[in-house]
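Thank you all for coming. I would like to take a few minutes to walk you through a structure that is new to most of this group.

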Amino acid sequence: MEKSNYINGYSKLTNEAKVDSMAHFLGKTVDDFSILNHFKLPDSNLQARLEEISENVLSNYMLPYSIAPNFLVNGKHYLVPMVIEESSVVAAASAAAKFWFSRGGFTSKVVGTTKVGQVHFKWLGNGSVLNQHFPKIKDILINDSEYLLANMKKRNGGITGIELLDFTHQLPNYYQIRVSFETADAMGANIINSVLEEMAQSLKQYFADNFEGAEADCEIVMAILSNHTPESLVECYVECDIEGLAEVSGSLLPADYALKFKTAVDIANIDIYRATTHNKGIYNGIDAVALATGNDFRAVEACGHSYASRDGHYKSLTTVDIDNGKFRYTLRIPMALGTVGGLTTMHPLAKLSLEILGNPSARELMEITAAAGLANTFSAVRALTTSGIQKGHMRFHLNNSLNTLGATEQQKLQATKFFKDKKVSHKAVQDFLGK
Ligand code: MEV
């Protein structure tokens with residue numbers, strides 16, 4: 001790469017200069033990027049607030065902000081905000097919410113909200129000696145980082161456990177301090193990381209003060225929270241009499257349909273190819289709510305996928321039970337969500353989403369979000385085991401083709417009527433428009 005091409009100090013340029021630099025780099029003009037300005041907010045204060053969220057911001061990338069109504073979760077009626085780029089997801093969530101509304105809704109329960117952080121370090125000394133020192137080390141680490149946890153403690157959070165793990169049999173000289181946190185209503189990533197970095201410093205100091213020679217030093221490899229949060233878990237289910245499935249069982253008897261639905265989910269429990277797609281259907285709902293409420297959806301997904309592999313093979317996050325004439329569909333999913341701090345207060349729409357949900361606690365938000373995930377997978381498996389998934393996507397394919405082919409509003413209306421009972425393909429739309 002030619003050195004003259006290297007872009008120096010991009011982050012320090014003004015917004016206009018950043019666009020100018022990009023245009024120059026790509027051999028284009030600033031006017032070629034005028035669309036960036038169309039997506040900026042007219043309210044410059046609000047725009048400035050959004051730009052503070054990230055770096056090298058040129059504009060805003062918009063996605064639809066939607067509501068899935070009629071979510072009955074633990075007897076409470078919610079309108080659930082969802083942000084997602086994929087069509088049919090909000091419709092699928094809403095359809096499932098409506099179906100289960102008259103069947104008792106979603107029963108959702110937080111099993112725990114423990115988060116974990118780790119200080120990874122290398123030390124040349126003996127593990128059993130370190131074990132003897134650990135009670136003292138533990139007290140020092142807790143004392144030294146206490147000042148960072150004042151706010152969390154006010155909300156009944158804090159450190160709930162701290163242990164020393166010896167991994168030297170797997171990686172020479174490698175030890176780990178694993179800290180458990182109750183973060184209350186915050187997701188807690190920032191606080192946890194600050195506490196861990198403080199602990200890492202104290203640990204280093206402890207070795208310097210209490211050991212000699214090579215043992216007086218330790219190498220802090222890193223200090224960071226873990227996104228594997230199997231103990232920050234929520235369990236959510238829907239249940240009805242098998243006969244209650246008649247409305248969705250298509251040409252099958254409800255009892256046969258319940259078994260077919262169960263088979264579809266059982267397949268996702270034994271086959272990784274299906275499991276991944278099945279779980280993706282759950283995250284359609286979960287990510288959409290996480291995004292709408294300003295939560296870290298990558299963290300939420302990462303912990304779900306590691307949890308799905310907890311037995312050594314990746315499997316479905318849901319199970320079906322058919323017992324005593326009842327059909328029950330259950331989702332067990334770890335999740336680290338917050339309702340205070342981070343983007344939840346900085347992004348005006350994240351704040352609005354929480355207001356729409358009645359300003360829930362983190363636990364309540366976990367329960368609602370799990371319900372959205374269960375709703376989406378219910379609709380997905382229901383479609384897959386009856387009419388197939390493409391039927392529900394037809395409107396999207398039709399709109400896509402109509403827009404690509406430059407159809408007028410009137411042609412769009414006519415096409416919607418025409419394709420109501422026909423298969424949509426780009427060629428068929430092209431033929432319909434006479435193009
Ligand atoms: C598509 O976004 C999600 C599905 O593939 C989920 C599934 O297959 O269960 C329909």
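I will go from the domains to the sheet, then to a hairpin, the cores and a few loop residues.

Please keep in mind throughout that what you see is a predicted model. The chain is divided into four pieces, where domain 1 covers 3-51, domain 3 covers 112-226 and domain 4 covers 392-434, while domain 2 is made of two stretches, 65-111 and 230-389. If you look for domain 1 and domain 3 on the screen, their C-alpha centres lie 42 Å apart.

Let me turn to the sheet. It is an open sheet of 4 strands, which come in the order 5-6-4-7 with antiparallel pairing. Strand 5, residues 158-166, and strand 7, residues 219-226, stand at the edges, and because each has a single partner strand, one side of each is left without a neighbour in the sheet. From one strand to the next, the twist averages 15 degrees. As a general reminder, strands of a sheet pair through backbone hydrogen bonds, either parallel or antiparallel. Here strand 5 is joined to strand 6, residues 174-182, by 8 bridges, and within that pair Asp 166 has Tyr 175 of strand 6 as its bridge partner.

Two helices belong with this part of the picture. Helix 5, residues 127-145, lies across strand 4, strand 5 and strand 6, and runs at about 155 degrees to strand 5. Helix 7, residues 189-210, also packs on the sheet, where it touches strand 4, strand 5, strand 6 and strand 7, and its direction makes about 155 degrees with that of strand 7.

Next comes the hairpin. Strand 1, residues 65-73, and strand 2, residues 76-83, run antiparallel and are joined by 7 bridges, with Phe 71 paired to Tyr 78 in strand 2. There are 2 residues between these strands, and Asn 74 in the turn has a positive phi of about 50 degrees.

Phe 71 also brings us to the interior, since we meet this residue again among those with the most contacts inside the largest nonpolar core, a group of 59 residues, together with Phe 106, Phe 327, Tyr 329 and Ile 333. Helix 13 gives the most to this core, with 10 residues. Leaving aside neighbours within four places in sequence, Phe 327 is in contact with a set of residues including Trp 100, Ile 242, Phe 261 and Phe 378. Apart from this core lies another, of 27 residues, among them Val 119, Leu 149, Leu 164 and Leu 225.

I will finish with the loops. Most residues other than glycine have a negative phi, yet Ser 88, in the loop between strand 2 and helix 4, has a positive phi of about 80 degrees. Asn 359, in the loop between helix 12 and helix 13, likewise has a positive phi, near 45 degrees.

Is Asn 359 buried or exposed? Asn 359 is exposed, because its relative accessible area is 53%, and exposed means over 50%. Thr 293, in the loop between helix 9 and helix 10, is by contrast buried, with a relative accessible area of 0%. The side chain of Thr 293 makes a polar contact of 3.1 Å with the side chain of Asn 295, and beyond four places in sequence Thr 293 touches residues including Thr 344, Ala 350, Leu 354 and Leu 365.

Technical notes: Residues numbered from 1 in each chain as written. Predicted model: local features only at pLDDT ≥ 70, side-chain atom pairs only at ≥ 80, totals over all residues. Heavy atoms only, no water. Domains from an automatic or database assignment. Pairing = 2+ DSSP bridges. Axes fitted to C-alpha atoms, helices over the stretch in contact; angles between N-to-C directions. Contact = heavy atoms within 4.5 Å. Buried < 20%, exposed > 50% of the residue type's maximum accessible area, 1.4 Å probe, protein only. Core = buried A, V, L, I, M, F, W, Y, C linked by side-chain atoms within 4.5 Å. Polar contact = N/O pair within 3.5 Å; in protein donor to acceptor, adjacent residues only side chain to side chain.
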